[in-house]
Amino acid sequence: MSTTNGHRQGLTLSLILLGGVLIAPLAQAQFTHTQITNSSSGNSSNASINVGGTRIAFISSSDLTSGNADGNEEIFLWTSGSGFSQITSTTGGFNIDPSINGDGTRIAFRSNRDLTGGNAVLDEEIFIWTSGSGFAQITGPTLNGGGPGFPSINSDGTKVAFEGTDDYTGGNADGNGEIFLWTSGSGLAQITSSTACSNYAPSINSDGTKIAFYSDCDLTGGNADGSNEVFLWTSGSGFSQITSATGGSNIEPSINGDGTRIAFRSNRDLTGGNADGNEEIFLWTSGSGFTQITSSTGGSNTAPTINGDGTR
């Protein structure tokens with residue numbers, strides 16, 4: 001998997017929807033498979049599924065609705081029973097990083113197009129699409145050339161966490177990589193405030209009171225060596241450091257609905273089952289610690305996403 005313009009460029013030409021039950025960590029799961037996209041050209045990737053599994057937002061350079069003949073990177077929405085809707089329709093640039101809310105009526109995403117008339121300079125900004133009302137731009141204009149990325153929307157679509165290097169609130173004059181939170185009706189708040197380190201890839205829980213992310217900063221006094229660790233921010237109480245390892249990395253967190261479980265990727269031996277330092281998927285559960293979900297030799301296990309109750 002390569003990276004272009006700060007986002008993952010998928011190599012697979014189709015999206016697959018999986019349904020099934022994980023019997024136990026490391027056990028053989030039984031799945032039914034439904035192929036959502038079927039294109040002869042272009043890529044479809046970066047899928048985000050709603051709570052009921054009836055709607056999937058994703059990016060695609062394929063012409064799935066006869067509205068993307070130029071093969072641009074656009075946001076699409078698949079709805080069970082009715083098929084595809086093309087959410088964005090632009091020329092050039094990109095629309096990426098979709099995150100869909102609980103009922104599938106709102107999608108937060110990143111774009112360098114002028115979707116609302118507020119981005120004439122074509123900076124990378126965060127937008128929200130709402131079914132029935134269209135687009136709203138929630139960041140911008142970009143002040144220091146560092147666009148925001150990787151938005152994560154909460155269940156009712158009223159809060160969006162994202163990473164950024166801009167000074168959106170007056171607290172990031174140094175242009176450091178920080179985590180921000182947008183709340184409908186009140187605007188932007190800066191969650192982290194760091195110097196000479198970075199905070200990445202936030203994942204917000206259902207009510208928007210908890211955000212998991214990874215960082216090489218020493219936010220709690222437990223990361224003096226500057227390793228990539230998973231942290232949890234809780235509204236009203238601040239930061240907790242979830243992982244603590246020397247070297248290597250703990251990255252790509254995905255938080256469940258109530259914020260008590262976080263799935264993430266790590267090449268550390270957090271449970272005694274990863275002595276070879278392979279990239280595996282782990283699960284942290286509040287009060288009980290870590291479970292190693294995958295166990296493989298060579299290759300990698302990446303980009304986990306966890307469901308609402310944290311059982312899948």
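**Strands, charges and two unusual alanines**

Ala303 sits in the segment that follows strand S24. The structure discussed here is a predicted model. At Ala303, phi comes out near 50°, which is a positive value in a residue other than glycine. How exposed is Ala303? With a relative accessible area of 43%, Ala303 lands in the partly exposed group, because that group covers the range between 20% and 50%. Ala196 also has a positive phi despite not being glycine, with a value near 60°. This alanine belongs to the loop between strand S16 (187-190) and strand S17 (199-204). Ala196 has a relative accessible area of 75%, so it counts as exposed.

The segment after strand S24 (289-292) holds Asp309 too. Its relative accessible area is 51%, so Asp309 is exposed; the cut-off for that label is over 50%. Asp309 has company on the surface: together with Asp103, Asp156, Asp207 and Asp258, it makes up a patch of negative charge.

Next comes strand S10, and a good place to start is with its neighbours. On one side of the pairing list is strand S9 (residues 95-100), which joins S10 in the antiparallel sense through four bridges. Within this pair, Ser99 is found opposite Ala108 of S10. The hairpin made by S9 and S10 has five residues between the strands, and Gly104 in this hairpin takes a positive phi near 80°. The other partner is strand S11 (residues 125-130), which runs antiparallel to S10 and is joined to it by six bridges. Here Arg106 has Thr130 in S11 as its bridge partner. How many residues of S10 (residues 106-111) are buried? Five of the six are, so the strand is largely enclosed by the rest of the structure.

Strand S10 also brings the story to charged side chains. Side chains of opposite charge can pair when their charged atoms come close. The model contains four salt bridges. One of them pairs Asp97 with Arg110, with 2.8 Å between the closest N and O atoms. Asp97 belongs to strand S9 and Arg110 to strand S10, so this contact links distant parts of the chain, 13 residues apart. Both Asp97 and Arg110 are buried.

Arg110 has another partner: its side chain meets that of Glu124 in a salt bridge, at 2.7 Å from N to O. Glu124 lies in the loop between S10 and S11 while Arg110 is in strand S10, so this pair ties together parts that are 14 residues apart in sequence. Is Glu124 buried or partly exposed? At 23% relative accessibility, Glu124 counts as partly exposed. Arg110, at 3% relative accessibility, counts as buried.

A further salt bridge brings the side chains of Glu252 and Arg265 together, again with an N to O figure, here 2.8 Å. Glu252 is in strand S21 (residues 250-255) and Arg265 is in strand S22 (residues 261-266), so the pair ties together parts 13 residues apart in sequence. Glu252 has a relative accessible area of 12% and is buried. Arg265 is buried as well, with a value of 14%. Back around S10, salt bridges with shared partners join Asp97, Arg110 and Glu124 into one network.

Technical notes: Residues are numbered from 1 along each chain as its sequence is written. This is a predicted model: local features need pLDDT of at least 70, side-chain atom pairs count only at pLDDT 80 or more; totals for chains, interfaces and linings use all residues. Side-chain values use heavy atoms; hydrogens and water are left out. Buried means under 20% relative accessible area, exposed over 50%, partly exposed in between (1.4 Å probe, protein chains only). Two strands pair if DSSP finds at least two bridges between them. Patches are made of residues with over 30% relative accessible area and no salt bridge: like charges are joined within 9 Å, nonpolar side chains (Val, Leu, Ile, Met, Phe, Trp, Tyr) within 5 Å. Accessible areas come from the Shrake-Rupley method with a 1.4 Å probe; for residues, only the protein chains shown count as cover. Lys and Arg count as positive and Asp and Glu as negative; His and the chain ends are not counted. The place of a charge is taken as NZ of Lys, CZ of Arg, CG of Asp or CD of Glu.
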